[in-house]
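Work through the exercises below with the structure open beside you. Try each task before you read its solution.

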Amino acid sequence: MRYEWKPYLIYSNKKTLAKGDILFSQGNKSSGFYYLAKGKMSIQLLSEDGKERIIDYVIDGYLLGQEGITEKPYSTTAVCDSDVSLYYFSAETFTKICKEHPEANKIFMNILIYNIRSLVETIRMINKPFEQQMAYYFVQLYQKNNKSPFSISQNSLAKYIGTSRVTIYKIMQKWLNENIIVRKGHMIHILDLNNLKALYIRDNAELSL
């Protein structure tokens, strides 16, 4: 699904933001959605108890803020993890694209369904042991990038999983010793993807018994 929306960029307006900027905030009324052409963004959720949690990362070639076509409040906050280039699509523009390119609606819906399923799975993982959450997240990053290595900081991992950097460090060291991953600075090379998958798939299977 990566880059599938790229052919429709001719209908959009380009927007650039700097690292740390907020694209949209949870609770704010939406008016459209975005295609990330360059850079990285984190998707954050503010819980009822006031805790902020990263629930997803978006890299170039993917859409974000799709609920914007409904013009209802955004359910999450999107923060730039780097300087980014985006393309904005209003609800009206989306309707025009679908009229001129009927296949666009199917592409959009497939991406939306994928994102919803990913969000549901991420929420299901929130209360799992930290190692299983981290394994799930690494697999998602690998699949989104279609490759290894990828870049991620211990601070970002801690915020995603909801734990301390000390815990992240211990898990990373365990995986390094088990030859599951190799780390070079912020770059993570996955050596044993199947082992990472087994860490959280096995747990899910045991819960369903």
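**Exercise 1. The sheet**

Task: State the strand order of the open sheet of 4 strands and say which strands are at its edges.

Solution. This is a predicted model. Start with the order: the open sheet runs E2-E7-E4-E5, and its pairing is antiparallel. Next, look for strands that pair on one side only. These are strand E2 (22-24) and strand E5 (52-59), the edge strands. Last, the twist: from one strand to the next it averages 30°. As a reminder, strands of a sheet pair through backbone hydrogen bonds, either parallel or antiparallel.

**Exercise 2. One strand pair and a helix**

Task: Describe how E4 and E5 pair, then find which strands helix H4 touches.

Solution. Strand E4 covers residues 40-46. Its pairing with E5 is antiparallel and has 7 bridges. To place one residue of the pair, take Gln-44: Ile-54 in E5 stands opposite. Now turn to the helix. H4, residues 154-161, packs on the sheet and touches both E4 and E5. Its direction makes about 120° with that of E5.

**Exercise 3. The whole protein**

Task: Decide whether the radius of gyration agrees or disagrees with that of a compact globule.

Solution. First take the length, 209 residues. A compact globule of that length would have a radius of gyration near 17 Å. The protein has 18 Å, so the value agrees. Then add the extent: the C-alpha trace spans about 55 × 40 × 35 Å along the principal axes. Count the elements: there are 6 helices and 11 strands. For burial, 45% of the 209 residues count as buried. The exposed area is about 11,100 Å², and carbon and sulfur atoms supply 52% of it. Finally, consider contacts between residues at least 6 apart in sequence: 72% of them join residues at least 24 apart.

**Exercise 4. Aromatic pairs**

Task: Classify the ring pairs Trp-5 with Tyr-8 and Phe-138 with Trp-175.

Solution. A pair of aromatic rings is described by the distance of the centres and the angle of the planes. The protein has 17 aromatic pairs. For Trp-5 and Tyr-8, the centres are 4.7 Å apart and the planes are at 55°. Planes under 30 degrees apart count as stacked and over 60 as edge-to-face. This pair is therefore tilted. Both Trp-5 and Tyr-8 are buried.

For Phe-138 and Trp-175, the centre-to-centre distance is 5.4 Å and the angle between the planes is 70°. That pair is edge-to-face. Phe-138 lies in helix H3 (residues 130-145) and Trp-175 in helix H5 (residues 165-177), so the pair ties together parts that are 37 residues apart in sequence. Phe-138 has a relative accessible area of 0% and is buried. Trp-175 is also at 0%, so it counts as buried.

**Exercise 5. Ile-69 and the aromatic cluster**

Task: Locate Ile-69, decide whether it is buried, partly exposed or exposed, and list its contacts beyond four places in sequence.

Solution. Ile-69 is in the loop between strand E6 (63-64) and strand E7 (77-80). Its relative accessibility is 26%. Buried needs under 20%, and exposed needs over 50%. Ile-69 therefore counts as partly exposed. Leaving aside neighbours within four places in sequence, Ile-69 contacts Phe-33, Ala-91, Phe-94 and Phe-108. Now compare that list with the aromatic cluster, which is formed by Trp-5, Tyr-8, Phe-33, Phe-89, Phe-94 and Phe-108. Phe-33, Phe-94 and Phe-108 appear in both.

Note on methods
Residues numbered from 1 in each chain as written. Predicted model: local features only at pLDDT ≥ 70, side-chain atom pairs only at ≥ 80, totals over all residues. Heavy atoms only, no water. Pairing = 2+ DSSP bridges. Helix = DSSP H or I, 4+ residues; strand = E, 2+ residues; numbered from the N terminus. Axes fitted to C-alpha atoms, helices over the stretch in contact; angles between N-to-C directions. Contact = heavy atoms within 4.5 Å. Rg over C-alpha atoms; globule rule 2.2 N^0.38 Å. Buried < 20%, exposed > 50% of the residue type's maximum accessible area, 1.4 Å probe, protein only. Areas by Shrake-Rupley, 256 points an atom, 1.4 Å probe, with all protein chains shown as cover. Phe/Tyr/Trp six-rings, centres within 6.5 Å; stacked < 30°, edge-to-face > 60°.
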